[in-house]
Amino acid sequence: MRTIRYAALLLAFASPTALLAQAAPDSRLTGQDLFSLEVAADPQIAPDGSAIAFVRRANDIMSDKAVSSIWLVNTASGEMTPVAAGPGGHSQPRWSPDGKRLAYVSTAEGGAPQLYVRWMASGEAVRITGLPESPGNIAWSPDGTQIAYTLFVAAEGPRLGKAPEKPEGATWAAPLETYDMLAYRADGAGYIKPGFDKIFVVPATGGAPRQLSFGEYHDGGGLTWSKDGSTLYFSGNRSPDWESDPVDAEIYALDIASGTIAALTDRDGPDASPVVSPDGSKIAYLGFDDKLLGYHNAQAYVMNRDGSGKRAVAPSLDRSIDTLVWAPDGQALIAQYDDHGETLVARIGMDGSVREIVRGLTGPSLDRPYSGGSFSVAKSGAIAYSGGNATKPADVMLAIGGKTRSLTRFNSTLMASKRLGDVRKLATASTFDGREIEGWLTLPPGHVPGTRVPLVLEIHGGPFSAYGPHFSTDNQLYAASGYAVLSVNPRGSTSYGAEFANLIHHAYPGNDYDDLIAMVDKAIADGVADPDQLFVTGGSGGGVLTSWIVGKTDRFKAAATQKPVINWTSQALTADGPAFFAKYWFGKMPWEDQASYWARSPLSLVANVKTPTLVVVGSEDYRTPVSESEQYYTALKLVGVPTALVKVPGASHGGIAARPSQSAAKASAIIAWFERYRKPAAQ
């Protein structure tokens, strides 16, 4: 064990752009500015509400990475102090039950991330573990003597054959790699090492960890302790066919003394994120009955601690709950969910009543305006959350008694010197069936009302996700180049209810096209968009729809399809969710209904494409594999459509904008492609 010191604190948080001089100030957001942005994430309020520990993410210009540190902010004075802000990355702050210690995960000493505990009174931090992999799902025991966590435990992989004996000193090729799992690679992780996530406990003052769960299953979703500390509850899929049925998880009770594991739920569908009530008598959790739909709302449930008395708490709430905790009085649940593109926290009574507490949560991602965020609750009921808006990245916010205030203002200096594009909400009726479709229009900075400008239709991925009034570097960079940017939630988007999301069930892409075009026409009718200067882009599901759109119409002057699916057959068999896509999005395997797979593949429309189309993908994308983009690029070349292929080196599907330089360069490449086909400004 070793005490952590932070001698280089000031150096570590010197301005990341201090070494770069500018000839003159630039009032619009630039790619360089991405290195100056900071966000707050994972705010954890102390039990007594006096302070909030949170993760502060800043982009380091020298390493071209986001650097995470942990800070405290006093809820009364707003004073900030560092907890873990030296070399390495620091995350997952979690208070002990008495609020006197803070556990967190850190790479302060190099190597694999380790579990640390800081004694708040003395400021001393001690390394508790020495692990080969990163611990997750940190959970303090009620008496504060132990900490539970999950850890990946390596296993012996399959072996077939062997090479001849190698002469001493010889240099041979690497040995064969053999895989026998259905899902043998994962986006962001690459090819999967053999092994499973298991549950451990370790004394909170350090000592030998003890493994509690075993077997060829992944355990540990949402660890929570019983009130008496004798049992750990977790979520996992421990059925024999877990590989081919990955959605079917249950809540389990693990007896600490004996290691016995008992299932508390048994339905066909996922049960996850268990949390124990303050009096220890009940367990709340999230789940749904699996109806093999493309989208299901995750509902709140409560059961007795022995698994009896299961019931849905607010079955009429037509929104999908992301996070759930008990209210301090044990009489209600505090839940986070999305509504019309915005993220909020609400109190759900045991009678099913729902009362909004606060909205305006936002997540730590910066490139596109996705909904998201996180929160925590003090014993007093005060709520800490990450909040922001369309022109303000996430800060630490505090909600008490119906009033909210910001405790951090990380980007105020930068934003004071920048002119961002104003963002306003739009709505129109779909030309397909008249349903109301919502979106947000980002205007070029200083836009003069009545002036028409080029328009970029920017389409979200998922497709089951949502855009909202959240900060977006992509949108602001496009706007800074003189484009209005339209972010739309077409049918299939979440936060509008299960029926709206499932309008694309076994029908995607489809009439979401009509929704998107209707919103483009709305921007034209409002006098903002120049109908002769329309452009389109989007990533993942948005890449699918971008490629679909240019196969349906030649209204757009240029397109940039990012990490798309082009051929559903090849995607279903090469993506990192082979047990999911065919089963839920098509209902049949490709060889059982090839006509449906082809009819919904943008590749089927490539002969219609006339729009110059850029293709962008991360070189290590395993969700919409690189081969999808390469297929489309080659097809476009063969039919004579102007195109280029941009690969983001080392980037996964989810990490295509993780490195600031690549995020800026990707947006710049798309702008440069559009500029080739944009009309010159009137002289």
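# Questions about a predicted model

Me: What is the mean pLDDT of the protein chain?
Reply: This is a predicted model, in which local features need pLDDT of at least 70, side-chain atom pairs count only at pLDDT 80 or more, and totals for chains, interfaces and linings use all residues. Residues are numbered from 1 along each chain as its sequence is written, and side-chain values use heavy atoms, with hydrogens and water left out. pLDDT is the predictor's confidence in each residue, from 0 to 100. Here 96% of the chain's residues reach 70 or more, and the mean pLDDT is 93.

Me: Over which residues does pLDDT stay under 50?
Reply: A contact means heavy atoms within 4.5 Å. The model has 39 contacts beyond four places in sequence for the stretch with pLDDT under 50, which is residues 1-22.

Me: Which are the edge strands of the open sheet β5-β6-β7-β8?
Reply: Helices (H or I, at least four residues) and strands (E, at least two) are DSSP runs numbered from the N terminus, and two strands pair if DSSP finds at least two bridges between them. This sheet has four strands with antiparallel pairing, in the order β5-β6-β7-β8. An edge strand here pairs on one side only, and that describes β5 (90-95) and β8 (124-127).

Me: Which residue in β8 stands opposite V117?
Reply: Strand β7 covers residues 114-119 and pairs with β8 over four bridges, in the antiparallel sense. The residue in β8 facing V117 is V126.

Me: Which strands stand at the edges of the sheet β9-β10-β13-β14?
Reply: This is another open sheet of four antiparallel strands, ordered β9-β10-β13-β14. A strand with a single partner has one side left without a neighbour in the sheet, so look for those: they are β9 (136-140) and β14 (210-211).

Me: Which residue in β13 stands opposite V153?
Reply: Nine antiparallel bridges join β10 (residues 146-154) and β13 (residues 195-203). Across from V153, in β13, you will find F196.

Me: Which residues have the most contacts inside the largest nonpolar core?
Reply: A nonpolar core is a set of buried Ala, Val, Leu, Ile, Met, Phe, Trp, Tyr and Cys residues joined through side-chain atoms within 4.5 Å. In soluble globular proteins, nonpolar side chains tend to be buried together. The largest core here has 59 residues, and those with the most contacts inside it are L455, L457 and L486.

Me: Which helix gives the largest share of this core?
Reply: One of the core's best-connected residues, L457, touches residues including L486, L516, V520 and F556, leaving aside those up to four places away in sequence. Two of these touched residues, L516 and V520, are listed among the buried residues of α5. With seven residues, the largest share of the core comes from helix α5 (residues 512-525).

Me: How many of the 14 residues in α5 are buried?
Reply: Buried means under 20% relative accessible area, exposed over 50%, and partly exposed in between (1.4 Å probe, protein chains only). The cover over the buried residues of α5 includes β31 (423-429), β32 (436-442), β33, β34, β35 (529-539) and α6 (541-552). The helix is mostly covered, and its count of buried residues is eleven.

Me: Which residue joins P463 through a cis peptide bond?
Reply: Most residues other than glycine have a negative phi, and most peptide bonds are trans. P463 sits in the loop between β33 (453-459) and α3 (473-480). Omega is about -5° for the cis bond, and the partner is G462.

Me: Which residue has a cis peptide bond to P509?
Reply: P509 belongs to the loop between α4 (498-501) and α5. Omega is near -5° in this cis bond, which starts from Y508.

Me: Is S495 buried or exposed?
Reply: S495 lies in the loop between β34 (484-489) and α4. Its phi is positive, near 85°, in a residue other than glycine. Because its relative accessibility is 5%, S495 counts as buried.

Me: What is the relative accessible area of H506?
Reply: H506 is in the loop between α4 and α5, and has a positive phi near 55°. H506 is partly exposed, with a relative accessible area of 34%.

Me: How many Å apart in space are G654 and D187?
Reply: G654 is in the loop between β38 (643-648) and α11 (660-676) and is exposed, at 69% relative accessibility. The two residues are 467 residues apart in sequence, yet their C-alpha to C-alpha distance is 7.2 Å.
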